[in-house]
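Good morning, and thank you for the opportunity to present. Please look at the structure with me while I describe some of its features.

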Amino acid sequence: MFKANGFNVQYGSNICADRLNAVGDYVLITHLEPWQFLKDKVKNQPIEVIEAKDLSKSYLDALAKRVPNVHIVGLGGGSAMDTAKWVHWRRQLPLTQIPSIPSVDACFTRMSALREQGGVIYEGDAVPELVIVDYELFRSAPKAMITSGIGDVLSCHTAWFDWKYAHEQGKDEFGWKPSDPAISKAYLDELADCAPGIKEQTDDGLRRLMELHRDIGWRCHELKHARFEEGSEHFFAYTFEEVTGRTIAHGELVSMGVLIMSKFQGNDFEGAQSIIEKAGTRHRLADLKVSEDEVLKSIRRTRSFSIEQNHWFSYAKTIDFDSISDKDILSCLNW
Ligand SMILES: [Zn+2]
């Protein structure tokens, strides 16, 4: 059975209000939807509600400077978690994190993902007192925001293959060992096993997905890198954002990257496909409201962008998507 390490976490249904009623004065950093869902259930209202919107360092530092000396509560998706982490860390204020969707592992990682000049940089060192995972809050979100939550676990599928490739090419900075794929495999086996529960939004499925995120967050800190979890699928995702000037749900974008990259890495495309199918994660372009042109332009720009951005060595730097037909690329997604 899979056993996770990581931050203190509490699982349950309708448990957010009790925590908020118990933390004393607090500033809430959030998005509007989850707070709408919780607001009337909470007696102890926040002294200020701040909408998470900007992940540039200059904005976050200005924000951290002006908040009062109270408990910080993050409520929402990745950007609310990252904003709350930054304010907590800069000011050393107590922190409670309440993810409203199981989208990414931001509530379980120490660093904030800042957006600077088209790229992502990781900085900070946040440790929350408690992370609250409330199944009812999750289930109040649109279904696709839950099923997209597999992306940052599924990314292990392509990432470990990239890491091994880097090792074989003499381009690994992180000391790859032959036993390392076992880490990613344990995550992927557990993900495959709990995927139907994620699709059905059962307590068990949601808890197990979050336990995966918790352990991955812990391991990133232990290893001081995320090589087992971040590779060519993420580099495609960053390129997509650069090329299109927009983004979609992170987990769905990364899952697209896993499908395409696994196919052309020659790395068990069917295995990745099967997990996505079981979890009910959206992958067809029409469902994602992404155009064929956006995918083709992005995937064909990934190699040069990855080299320019000095990403870790991966298949993203070597696969020549110009020589692969539109049809072969698009068939990875439209099944
Ligand atoms: Zn990610």
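I begin with a term: two rings of Phe, Tyr or Trp form an aromatic pair if their centres lie within 6.5 Å, the six-membered ring being used for Trp. In this model, which is predicted, there are 12 aromatic pairs.

One of them is formed by Tyr11 and Tyr135, which are stacked, with 6.4 Å from centre to centre and 15° between the planes. Where do these two residues lie? Tyr11 belongs to strand β1 and Tyr135 to helix α5, and they are 124 residues apart. Tyr135 is buried, because its relative accessible area is 7% and the limit for buried is under 20%. Tyr11, at 22%, counts as partly exposed.

A further stacked pair joins Phe161 and Tyr315, at 5.9 Å between centres and 20° between planes. Phe161 is in helix α7, whereas Tyr315 is in the loop between α14 and α15, so this pair ties together parts that are 154 residues apart in sequence. Both residues are buried. They also belong to a cluster, linked by ring pairs, with Trp160, Tyr165 and Phe313. In addition, Lys164 lies over the face of Phe161, 5.3 Å from the ring centre.

Let me turn to the sheet. It is open and has 6 strands, in the order β1-β8-β5-β4-β2-β3, with parallel pairing. The strands at its edges are β1 and β3, each of which pairs on one side only. From one strand to the next, the twist averages 20°. Within the sheet, 5 bridges join β2 to β4; Val27, for example, has Ile72 in β4 as its bridge partner. Helix α2 lies across β2, β3 and β4, and runs at about 130° to β2.

Terms used: Residues are numbered from 1 along each chain as its sequence is written. This is a predicted model: local features need pLDDT of at least 70, side-chain atom pairs count only at pLDDT 80 or more; totals for chains, interfaces and linings use all residues. Side-chain values use heavy atoms; hydrogens and water are left out. Two strands pair if DSSP finds at least two bridges between them. Helices (H or I, at least four residues) and strands (E, at least two) are DSSP runs, numbered from the N terminus. Axes are lines fitted to C-alpha atoms, for helices over the stretch in contact, and angles run from 0 to 180 degrees between N-to-C directions. Contact means heavy atoms within 4.5 Å. Rings of Phe, Tyr and Trp (its six-membered ring) pair if their centres lie within 6.5 Å; planes under 30 degrees apart count as stacked, over 60 as edge-to-face and the rest as tilted. Buried means under 20% relative accessible area, exposed over 50%, partly exposed in between (1.4 Å probe, protein chains only). A charge sits over a ring if NZ of Lys or CZ of Arg is within 6 Å of the ring centre and within 35 degrees of the ring normal.
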